[in-house]
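Q: I'm new to this structure and would like a close look at one part of it. Could you pick a spot and walk me outward from there?

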Amino acid sequence: MYDNLTFDVDYKKTADFIEWLFKKNQLSPQLVLDLACGTGTLTLELARRGYDMLGADSSAEMLSVAREKEGAEKILYLHQPMEEFELYGTVDAIVSVLDSINYLTAPDALEKTFCLCANYLNPGGLFIFDVNSEYKFNTILGQETYTYETDDVFYIWENDFDPKTKLCNLYLTFFCEQKNGLYQRLGEVHTQRFYAHVELKNTLEKYGFELLNCYDDYTDKAPDSTTQRIVYEAKKIR
């Protein structure tokens, strides 16, 4: 079901951009961690490009889907939450995409995650992640309701963003077509937190990262007032 929610995500473009950052920093990583990898679509795309991949996620259901995909036998998937992940050694790069950082709904969870990333990242390694912008929380999500339809599922997406708490509840209702032609109704609630740029920058620096740059949604353009997804490029310097 999750892959239905990301039907409009261009994973090839995302992987191209990540590789562009690698080359820009003269980095040739061998081992890469995809943190909060979900169903492993990006993990698999990077593995196909020759990187040894690890994928970590808190959802056993998503990891089960990831392990069933063609080529997944080359990837080590770990059932671990972002703020508690544990590796057997260090990696050369860490990526975390599709606003996974926003799912860390408490500041101490952000601190723990960035601390672990610094702990398991080799010196000079890159930490690449994205977050939803303030503009997106206020304007695109806000109190808006959206409907989507694919070949086998129809779903409603209702949002409730509170600027005071910085939390946004996302209420998803799915109507999934069954083999008998009837539809099954399913519901999920997700919560995201808005993180201001200064909060992310200060936390990165606290744990030994240098923030190199920010980008507008996996392009080489700088974010502006209407950017919805901001990509962060940070390097471990100590």
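A: Let's start at Glu 19, which is buried because its relative accessible area is 17%, under the 20% cut-off for that label. Keep in mind as we go that this is a predicted model. Glu 19 is found in helix H2. Leaving aside residues up to four places away in sequence, Glu 19 touches Arg 49 and Tyr 51. With Arg 49 there is also a polar contact between the side chains, at 2.8 Å.

Now for helix H3, which covers residues 41–48. Of its 8 residues, 6 are buried, so H3 is largely enclosed by the rest of the structure. Those buried residues are Leu 42, Thr 43, Leu 44, Glu 45, Leu 46 and Ala 47. And what covers them? The cover includes helix H2 (11–24), the helix in the cover list that also holds Glu 19, along with strands S1 (31–35), S2 (52–57), S3 (76–79) and S4 (91–96). After H3 comes Gly 50, with a positive phi near 105°.

Those strands lead us to the sheet. It is an open sheet of 7 strands with mixed pairing, in the order S3-S2-S1-S4-S5-S11-S10. S3 and S10 (209–216) stand at the edges with a single partner strand each, so one side of each has no neighbour in the sheet. On average, neighbouring strands here are turned by 15° against each other, direction ignored.

At the S3 edge, S2 and S3 pair in the parallel sense over 4 bridges, and Ala 56 stands opposite Leu 78 in S3. Helix H4 (residues 60–67) packs on the sheet here, touching both S2 and S3. The direction of H4 makes about 170° with that of S3.

Over to the strands around S10, where another helix comes in. Helix H7 (residues 197–206) lies across S5 (121–132), S10 and S11 (229–236). H7 runs at about 150° to S10.

One last stop is a hairpin, made by strands S8 and S9 with 5 residues between them. S8 spans residues 167–177 and S9 spans residues 183–193, and the two pair in the antiparallel sense over 11 bridges. To see one of the pairings, find Leu 172, whose bridge partner in S9 is Glu 188. In the turn, look for Gly 181, which has a positive phi of about 90°.

How values were computed. Residues numbered from 1 in each chain as written. Predicted model: local features only at pLDDT ≥ 70, side-chain atom pairs only at ≥ 80, totals over all residues. Heavy atoms only, no water. Pairing = 2+ DSSP bridges. Buried < 20%, exposed > 50% of the residue type's maximum accessible area, 1.4 Å probe, protein only. Contact = heavy atoms within 4.5 Å. Polar contact = N/O pair within 3.5 Å; in protein donor to acceptor, adjacent residues only side chain to side chain. Axes fitted to C-alpha atoms, helices over the stretch in contact; angles between N-to-C directions.
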